Amino acid sequence: MTTLTPLPPGEHGLLAARPGPDLAAAGYVESELVASGTARSWSAAELPQDGRWALAERDRADFATRVVLRAPADPATFSGTLLVEWLNVSSGTDAAPDWTYLAEEVVRRGHAWAGVSAQHIGVMGGVSAVGLGAPSAGLRGQERYAALHHPGDAYAYDVYTEVAGALVDHLAGGPGPVTCLLAVGESQSAYALTTYANGLQPLTGRFDGFLVHSRGGAAMPLGEPGAAVDIGVFRCDPPVRVRDDLDVPVVMVQTETDLTGRLAYLPARQPDADRVRLWEVAGTAHADKFQIGDFEQYLACPRPVNRGQQAYVVRAAVRHLEAWARGGPAAPAAERLEVEDGRFVTDEVGNARGGVRTPAVDAALEVLSGDTEPGAPVICELFGSTLPVEPERLAAAYPDVAAYLAAYERATDAAVAAGFVLAEDRDEVLAEARPDLVEEALRG
């Protein structure tokens, strides 16, 4: 049995460049917990590329890890939905990228969110997978977390299982019962959720749905005791699909970077199935300006990072996933991005054709890409790029600002109607229009 013990108030240290909503003003309580218990590791005779894995228990080990929980204080406002994010450790320390993208949706819907330090590096420390500085000391490097211990990523999947179950029991005591449990993870965590969905979910039945955000072509290995998995080794090969015979829904959201960049998802691209939807979002990068905010300057990338609108698409994805998991309609199907000879087919502006469309690409003033200059640092490759469109082309496309704003509004309404942007986000999306760029082009 896994137990949850509150930590005294203190700084949790989750990496977040973008400030989220004011939790106290929204009626939320943030708490930090130590989750202690026993987790299993797993083995398999083979791991077929169709994702239909059959795992067997290998052994067990004790663990004590950290959980950050954000939940409504008032039971009357709790939706009953809990999102459990597998915290990302590619920087060498815990980060919650999907909280950054989803916070507005979580709070306005009254969901609870928990970030779980599932992996070895997050707790025990280790080397960044994206070339960021010296090895981290992990949570154990702080006196506050001295009691934590992680037996290795071989046990990470069951740590995630056990902590999710303990959180359900914990929330039942306030703010209320969990009636929909969703697994959420981005980047390295999406690799882990691919493995979880393929191997663990059929055994545990723990989750009601999965949001797999920006995965690469491979799945995370089952791991070895006492060690962290090496993302550099498994990142691309072999390509593995999410199994299509699960009895719970899976929504995958993929950016341009994920398909044709170093993550090499394209060979694992799969058709939709009864319980699987794949959304490939045009004009987006693995990470972007929305996520990094003012910290962009510290990356020192050769081009401005991607300023696409994937945040709104990810919010829509989790809205559809929750409804689907509760027995409602399936998430909408999406066109695939157009790819020829391993490269995106682009329109007259230079943005990718096909895929999930947003006004940033359908009423384009910039070229939004999932890649950047050759030879750029790994971190810059992940953040893509934004380049200006020639003023002459903008002036030809939009005779005046009113024409641009009308086109941008039509594109926004089309995205809402298609289900890839939420109606509640319409005003926020409209506020991102850039009439100043049109004015500048018309001045000539």
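Let's begin with charge: a search of the whole structure turns up 31 salt bridges. Keep in mind as you follow along that this is a predicted model. Side chains of opposite charge can pair when their charged atoms come close. A few of these pairs make good landmarks.

Take Glu57 and Arg60, which form a salt bridge with their closest N and O atoms 2.7 Å apart. Glu57 is partly exposed, at a relative accessible area of 38%, while Arg60 counts as exposed at 53%.

Now move along the chain to Arg269, which forms a salt bridge with Glu280, the closest N and O atoms being 2.8 Å apart. This pair links distant parts of the chain: Arg269 sits in the loop between α6 (256-260) and β9, and Glu280 belongs to strand β9, eleven residues apart. How buried or exposed is Glu280? Glu280 counts as buried because its relative accessibility is 0%, and the cut-off for buried is under 20%. Arg269, with a relative accessible area of 22%, is partly exposed.

A third pair brings together the side chains of Arg326 and Glu322, with 3.2 Å from N to O. Here Glu322 is buried, with a relative accessible area of 6%, and Arg326 is partly exposed at 38%. Both residues also belong to a network of salt bridges, in which Glu105, Arg108, Arg109, Arg315, Arg319, Glu322, Arg326, Glu424, Asp425 and Glu428 are linked. If you are viewing the model on screen, try selecting these residues together.

Next comes the sheet. Strands of a sheet pair through backbone hydrogen bonds, either parallel or antiparallel. In this model, nine strands form an open sheet in the order β1-β2-β3-β5-β4-β6-β7-β8-β9, and the pairing is mixed. At the edges are β1 (3-6) and β9 (276-281), each of which pairs on one side only. On average, neighbouring strands of this sheet are turned by 20° against each other, direction ignored. Edge strand β9 is already familiar, as the strand that holds Glu280.

Inside the sheet, you can follow one register through Arg70. Strand β2 (residues 28-43) and strand β3 (residues 56-72) pair in the antiparallel sense over 15 bridges, and Glu30 stands opposite Arg70 in β3. β3 also pairs in the antiparallel sense with strand β5 (residues 112-116), over four bridges. There, Arg70 stands opposite Trp113 in β5.

For the parallel part of the mixture, look at strand β6 (residues 180-186) and strand β7 (residues 209-213), which run parallel and are joined by five bridges. Which residue is the bridge partner of Gly185 in β7? That partner is Val212.

Finally, turn to the helices. α3 lies across β1, β2, β3, β4 (81-86), β5 and β6, and runs at about 45° to β3. Helix α3 (residues 156-172) also meets helix α4 (residues 188-204): their axes come within 10 Å and cross at roughly 60°. The crossing of α3 past α4 is right-handed. On the α3 side, the contact uses Tyr157, Tyr160 and Thr161. These meet Ala192, Leu193, Thr195, Tyr196, Leu200 and Thr204 in α4. By class, this contact has six nonpolar and three polar residues, with no charged ones.

Definitions and conventions:
Residues are numbered from 1 along each chain as its sequence is written. This is a predicted model: local features need pLDDT of at least 70, side-chain atom pairs count only at pLDDT 80 or more; totals for chains, interfaces and linings use all residues. Side-chain values use heavy atoms; hydrogens and water are left out. Axes are lines fitted to C-alpha atoms, for helices over the stretch in contact, and angles run from 0 to 180 degrees between N-to-C directions. Helices (H or I, at least four residues) and strands (E, at least two) are DSSP runs, numbered from the N terminus. A crossing is left-handed if the near helix is turned anticlockwise from the far one by less than a right angle, and right-handed if clockwise. Contact means heavy atoms within 4.5 Å. Ala, Val, Leu, Ile, Met, Phe, Trp, Tyr, Cys and Pro count as nonpolar, Asp, Glu, Lys and Arg as charged, and the others, Gly among them, as polar. Two strands pair if DSSP finds at least two bridges between them. A salt bridge is a side-chain nitrogen of Lys or Arg within 4 Å of a carboxyl oxygen of Asp or Glu. Buried means under 20% relative accessible area, exposed over 50%, partly exposed in between (1.4 Å probe, protein chains only).
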